[in-house]
Amino acid sequence: MMDTATLTESAAVATAAPALLRLLQLSSSLCPIGAFAHSQGLETAVERGWVSDEARLEEWLSGVGGAGLAKLDLPLLLQAYAAALAGDEARLSAIAERVLASREARELADQERQLGSSLASLLVNLGVAAAEPFRGHPD
């Protein structure tokens with residue numbers, strides 16, 4: 001017979017399981033979003049010889065993480081998360097516009113649009129109805 005602690009732990013695992021499954025789906029290399037689809041130009045840097053060894057890769061990753069991610073993308077992600085929790089679609093759209101405006105080239109902005117649309121589609125398929133307005137979003 002199970003004791004109370006075992007039952008409580010089993011209930012916690014059962015409750016967390018769907019959330020963990022969603023997280024694993026988002027981080028899968030088969031998912032068309034995120035780092036697996038968006039390398040910040042690393043392939044080009046390798047082809048051009050800018051990243052040729054471990055030390056140069058470390059510099060590259062530090063630059064991407066310290067400049068773009070830490071100072072722009074992550075703060076905007078936090079704002080977007082707060083807006084999503086509040087159901088503030090207008091604020092989410094404004095944040096999306098800010099992200100697109102920060103990209104240096106039209107191709108990068110187009111890539112962001114595609115990644116966002118793919119993420120919205122995945123979220124809708126996972127049962128997050130609030131993502132529907134951003135699915136296939138043209139701008």
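The paragraphs below lead through this structure from its overall layout to its core, one of its helices and its salt bridges.

The model is a predicted one, and its chain contains 5 helices and 0 strands. Following the chain along its sequence therefore gives the pattern α-α-α-α-α. Of the 139 residues in the chain, 19% count as buried, a word that here stands for a relative accessible area under 20%. The chain exposes about 9,900 Å², and carbon and sulfur atoms supply 61% of that area. Among the contacts between residues at least 6 apart in sequence, 39% join residues that are at least 24 apart.

It helps to begin with the inside of the structure. In soluble globular proteins, nonpolar side chains tend to be buried together. In this chain, the largest nonpolar core has 7 residues, namely Leu72, Leu76, Ala80, Ala83, Leu92, Ile95 and Val99. The elements that give two or more residues to this core are α3, which covers residues 54-86, and α4, which covers residues 89-102. The largest share, 4 residues, comes from α3. One member of the core, isoleucine 95, shows how the pieces meet: leaving aside residues up to four places away in sequence, isoleucine 95 touches Leu76, Gln79, Ala80 and Ala83.

Helix α4 deserves a closer look. With its 14 residues, α4 reaches 20 Å from its first C-alpha to its last, which is close to the 20 Å expected at 1.5 Å a residue. The buried residues of α4 are Leu92, Ile95, Val99, Leu100 and Ser102. Because these buried residues cover an arc of only 160° around the axis, they lie on the same side of α4. A general property of helices is useful to keep in mind here: an α-helix has 3.6 residues a turn, so residues three or four places apart point the same way. The face of α4 that is turned away from the buried side carries the exposed residues Ala90, Glu97 and Ala101. As for what covers the buried residues of α4, the cover includes α3 and also α5, which spans residues 106-125.

The last part of the tour concerns charged side chains. A search of the whole structure finds 5 salt bridges, and in one of them the side chains of aspartate 73 and arginine 103 meet, with a distance of 3.0 Å from N to O. This pair links distant parts of the chain, since aspartate 73 belongs to helix α3 whereas arginine 103 sits in the loop between α4 and α5, 30 residues apart. Is arginine 103 buried or exposed? Arginine 103 has a relative accessibility of 18%, and it therefore counts as buried. Arginine 103 also forms a salt bridge with glutamate 112, in which the closest N and O atoms are 2.9 Å apart, and glutamate 112 is buried as well.

Another salt bridge joins glutamate 132 to arginine 135, with 3.4 Å between the closest N and O atoms. Glutamate 132 is partly exposed, because its relative accessible area is 40%, and arginine 135, at 33% relative accessibility, also counts as partly exposed. Returning to the earlier residues, salt bridges that share partners join Asp73, Arg103 and Glu112 into one network.

Technical notes. Residues numbered from 1 in each chain as written. Predicted model: local features only at pLDDT ≥ 70, side-chain atom pairs only at ≥ 80, totals over all residues. Heavy atoms only, no water. Core = buried A, V, L, I, M, F, W, Y, C linked by side-chain atoms within 4.5 Å. Buried < 20%, exposed > 50% of the residue type's maximum accessible area, 1.4 Å probe, protein only. Contact = heavy atoms within 4.5 Å. Expected span 1.5 Å × (residues − 1). Arc of directions from axis to C-beta. Areas by Shrake-Rupley, 256 points an atom, 1.4 Å probe, with all protein chains shown as cover. Salt bridge = Lys/Arg side-chain N within 4 Å of Asp/Glu carboxyl O.
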